[in-house]
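The following exercises are to be solved with the sequence and the coordinates at hand. Each task is followed by a worked solution.

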Amino acid sequence: MTSTPFRNGFAPATEEITAFDLEVTGRIPAELDGRYLRNGPNPLSLDDPAATHLFMGEGMVHGVRLRGGRAEWYRNRWVRNAEVARRLGEPPAPGPVHAGMDFAANTHVIGIAGRTFATVEAGGLPYELSYELDTVGACDFVGGLPGGYAAHTHLDPVTGELHAMAYFAGWDHHQHIVIDPKGVVAQVRDIPVADRPMLHDFALTRRHVVIYDLPVTLSMAHAERGAPLPYAWDDARPARLGLLSRETGDVQWVEIDPCWVFHTLNAYDDGDQVVVDVVRYPKRFVDARLDLGGAPTLDRWRIDPVAGRVTTTRLDDRPQEFPRIDERRTGSPYRYGYTSAAADLHDVIYPAAELEDLPDEAFDNTLIKHDLERGTQEARRFGRGAYVGEPVFVPSGAAEDDGYLLTYVNDPARGAADLVILSARDFAGEPVAVVHLPARVPLGFHGSWIAD
Ligand SMILES: [Fe+2]
């Protein structure tokens with residue numbers, strides 16, 4: 001077997017499980033009525049080409065249904081594109097395919113207009129899932145999507161519009177897509193860009209969509225070598241941020257120092273300026289591997305479109321990823337953010353040799369809560385082997401930060417995962433509830449709380 005990033009916390013689940021009436025420590029708040037779902041790459045076999053790159057494994061969604069203070073079920077299901085269905089001996093799910101890009105969407109899972117979708121970027125369509133996570137089929141919203149969709153979306157909490165930025169190696173543009181609260185594609189705008197860059201996430205403010213046009217571009221040299229993900233850092237290419245006016249569709253570009261960004265924490269308009277908080281890598285995406293030239297930091301861009309200038313300040317220099325907020329604050333000034341400092345994630349990103357001399361505590365798996373008003377952070381450690389992923393915020397009261405954080409945490413003693421429910425306001429205190437799942441949940445990418 002060739003080397004695989006699907007080891008340690010990312011080692012894939014090997015079977016689909018259904019379990020009912022899960023054991024709980026603590027008390028699940030009765031107001032949590034819905035499903036916590038999380039997607040991630042889970043190759044069918046470690047001998048497959050899909051197992052050689054972290055981004056290429058077939059999607060598997062892990063879900064827990066909460067209702068009336070009980071954890072009714074846990075399910076994990078592969079997303080069945082035609083190939084996964086064939087490998088599992090099932091008939092293919094019906095549905096459209098964009099440009100031959102039939103991918104078992106592995107990056108995010110979201111709710112749109114009462115439906116559930118696994119999403120992926122770079123040309124693939126979303127796959128619709130049933131309430132119980134069975135694959136319904138690929139979806140282009142009744143022909144509303146001209147091409148593929150995106151892994152990341154941002155819901156405008158004021159208008160109810162769902163925004164996305166799609167890209168595809170076969171396009172000379174990015175595509176801004178707005179889906180209305182009824183689940184209908186309401187607006188599509190093409191934004192010309194050079195060099196076919198990768199675009200993972202973007203930011204949304206009340207007036208703007210912020211586009212990250214960074215120097216990770218389609219590499220023909222890598223494509224010809226058969227690289228599973230033929231994108232590479234281009235030293236010669238400038239980096240810039242685009243302010244797309246939501247009203248007019250005009251884009252103003254402002255140059256920045258080269259860097260790479262997967263994820264946005266939040267963004268907002270501040271007078272004529274725009275503030276964008278991101279997890280930012282110093283540079284390089286060498287050879288289409290996850291070598292980003294160093295650890296990511298949480299940084300703030302202040303974009304001054306009048307002066308044509310961006311200033312960068314550091315919010316936190318600890319390596320961290322998977323930033324989430326109270327999404328009622330998306331696009332508006334906000335105070336709190338939550339991130340994950342999962343060591344196993346960075347063990348995959350960096351060559352293992354560099355980690356050999358680290359002390360035990362370097363392997364602590366930690367969630368971080370940021371108070372951006374005070375400039376302080378609170379860390380919650382789960383201990384060695386307790387790999388922990390993205391924390392999803394679920395609102396309770398009206399105020400920001402009044403709610404819960406949900407995430408899967410590995411319990412190395414049981415060799416299985418817990419769904420941990422924290423009080424966002426008592427971040428380091430005892431969990432509100434811990435739901436004991438019957439199986440491991442590998443580290444993955446992104447998830448959502450989808451209320452019933
Ligand atoms: Fe992501």
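**Exercise 1. The iron site**

Are H200 and H446 buried or exposed? Determine also which protein atoms serve as donors of the iron ion.

*Solution.* The model is a predicted one, in which local features need pLDDT of at least 70, side-chain atom pairs count only at pLDDT 80 or more, and totals for chains, interfaces and linings use all residues. Residues are numbered from 1 along each chain as its sequence is written, and side-chain values use heavy atoms, with hydrogens and water left out.

Step 1. H200 and H446 are both buried, where buried means under 20% relative accessible area, exposed over 50%, and partly exposed in between (1.4 Å probe, protein chains only).

Step 2. Donors are N, O and S atoms within 2.8 Å of the metal (3.2 Å for Na, K and Ca); water is not among the atoms, so sites may look incomplete. The iron ion has the protein donors H152 (NE2), H200 (NE2), H263 (NE2) and H446 (NE2), at 2.0 to 2.1 Å.

Step 3. Along the chain, these donors follow the spacing H-x47-H-x62-H-x182-H. H200, in the loop between β13 (185-192) and β14, and H446, in the loop between β31 (433-436) and β32 (447-451), are 246 residues apart and link distant parts of the chain. Strands (E, at least two residues) and helices (H or I, at least four) are DSSP runs, numbered from the N terminus.

Step 4. The arrangement is irregular because the four donor atoms subtend angles of 91 to 161 degrees around the iron ion. Four donors count as tetrahedral if all angles lie between 85 and 135 degrees; four count as square planar and six as octahedral if opposite donors are over 155 degrees apart and all others between 65 and 115; anything else is irregular.

**Exercise 2. A sheet**

State in which order the strands of the open four-stranded sheet are arranged.

*Solution.* Step 1. The order is β14-β15-β18-β19, and the pairing is antiparallel; two strands pair if DSSP finds at least two bridges between them.

Step 2. β14 (203-204) and β19 (251-256) are the edge strands, each pairing on one side only.

Step 3. Strand β15 (residues 208-213) is joined to strand β18 (residues 239-245) by six bridges. V209 stands opposite L244 in β18.

**Exercise 3. Positive phi**

Locate F141 and R196 in the chain and give the accessibility of each.

*Solution.* Step 1. F141, not a glycine, has a positive phi of about 55 degrees. F141 is in the loop between β9 (135-138) and β10 (153-155), and counts as buried at 5% relative accessibility.

Step 2. R196, also a residue other than glycine, has a positive phi near 55 degrees. R196 lies in the loop between β13 and β14 and counts as partly exposed at 32% relative accessibility.

**Exercise 4. Aromatic pairs**

How many aromatic pairs does the structure hold? Classify the pair of W260 and F262.

*Solution.* Step 1. There are 13 aromatic pairs. Rings of Phe, Tyr and Trp (its six-membered ring) pair if their centres lie within 6.5 Å; planes under 30 degrees apart count as stacked, over 60 as edge-to-face and the rest as tilted.

Step 2. W260 and F262 have ring centres 5.5 Å apart and planes at 90 degrees, so the pair is edge-to-face.

Step 3. Y338 and F393 are stacked, with 5.7 Å centre to centre and 10 degrees between the planes.

Step 4. Ring pairs link F55, W260, F262, Y281 and F445 into a cluster.
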